[in-house]
Amino acid sequence: PLQPSVFASRGQLHDVRVSFNATSGNWRATFELTPEGDEAIELRCVLVLDKKPVTETWMYQWTA
């Protein structure tokens with residue numbers, strides 16, 4: 001099955017999930033972040049199938 005591969009440079013990731021929206025035909029990855037420290041946190045997410053990426057990599061710099 002399709003799996004989300006999520007990375008955070010710092011902090012804890014929780015509730016990492018992937019779901020299919022039958023109405024739009026799209027997949028959605030969601031997660032929660034518990035940050036640590038005051039500096040920016042680099043986030044990345046890609047959906048993988050059989051250990052191979054099947055989507056572009058989403059990248060974001062999160063700040064409090």
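**View 1. W58 at the surface.** W58 is partly exposed, with a relative accessible area of 40% (buried is under 20%, exposed over 50% and partly exposed in between, with a 1.4 Å probe and protein chains only). The model shown here is predicted: local features need pLDDT of at least 70 and side-chain atom pairs pLDDT 80 or more, while totals for chains, interfaces and linings use all residues. Residues are numbered from 1 along each chain as its sequence is written, and side-chain values use heavy atoms, leaving out hydrogens and water.

**View 2. Aromatic pairs.** Searching the whole structure turns up 3 aromatic pairs (ring centres within 6.5 Å, using the six-membered ring of Trp; planes under 30 degrees apart are stacked, over 60 edge-to-face, and the rest tilted). In one of them, F20 and W27 make a tilted pair, 4.9 Å centre to centre with 55° between the planes. F20 is partly exposed because its relative accessibility is 45%, and W27, at 47%, is partly exposed too. W58 and Y60, by contrast, are stacked, with 5.8 Å between centres and 10° between planes. Y60 has a relative accessibility of 43%, so Y60 also counts as partly exposed. F31 joins W58 and Y60 in one aromatic cluster.

**View 3. The largest pocket.** Here we look into the largest pocket, which holds about 170 Å³ of space. On a 1 Å grid over the protein atoms alone, a pocket is an open set of points where a 1.4 Å probe fits, with protein on both sides within 12 Å along at least five of seven lines; lining residues have an atom within 4 Å of a point. Its volume is the space filled by probe spheres set on the points, joined across faces, edges and corners. The lining is made of A29, F31, C45, V46, L47, T55, E56 and W58. Strand 3 (26-34) and strand 4 (41-49) are the elements that give two or more residues to this lining (strands are DSSP runs of E, at least two residues, numbered from the N terminus). Strand 4 contributes the most, with 3 residues. By type, the lining residues divide into 6 nonpolar, 1 polar and 1 charged (Ala, Val, Leu, Ile, Met, Phe, Trp, Tyr, Cys and Pro are nonpolar; Asp, Glu, Lys and Arg charged; the others, Gly among them, polar).

**View 4. The hairpin of strands 2 and 3.** Strand 2 (residues 12-21) runs antiparallel to strand 3, and 8 bridges join them (strands pair if DSSP finds at least two bridges). S19, for instance, has R28 in strand 3 as its bridge partner. The two strands form a hairpin with 4 residues between them, and G25 in the turn has a positive phi of about 80°. A22 sits in the loop between these strands and is exposed, because its relative accessible area is 66%. The C-alpha atoms of A22 and R10, 12 residues apart along the chain, are separated by 34 Å.

**View 5. Two further loops.** D38 lies in the loop between strand 3 and strand 4, and its relative accessibility of 78% makes D38 exposed. D38 and A64 are 26 residues apart in sequence, yet 6.9 Å apart in space, C-alpha to C-alpha. D50 is found in the loop between strand 4 and strand 5 (52-53), as is K51. Most residues other than glycine have a negative phi. D50, not a glycine, has a positive phi of about 55°, and phi of K51 is near 65°. D50 is exposed at 65% relative accessibility, and K51 is exposed at 82%.
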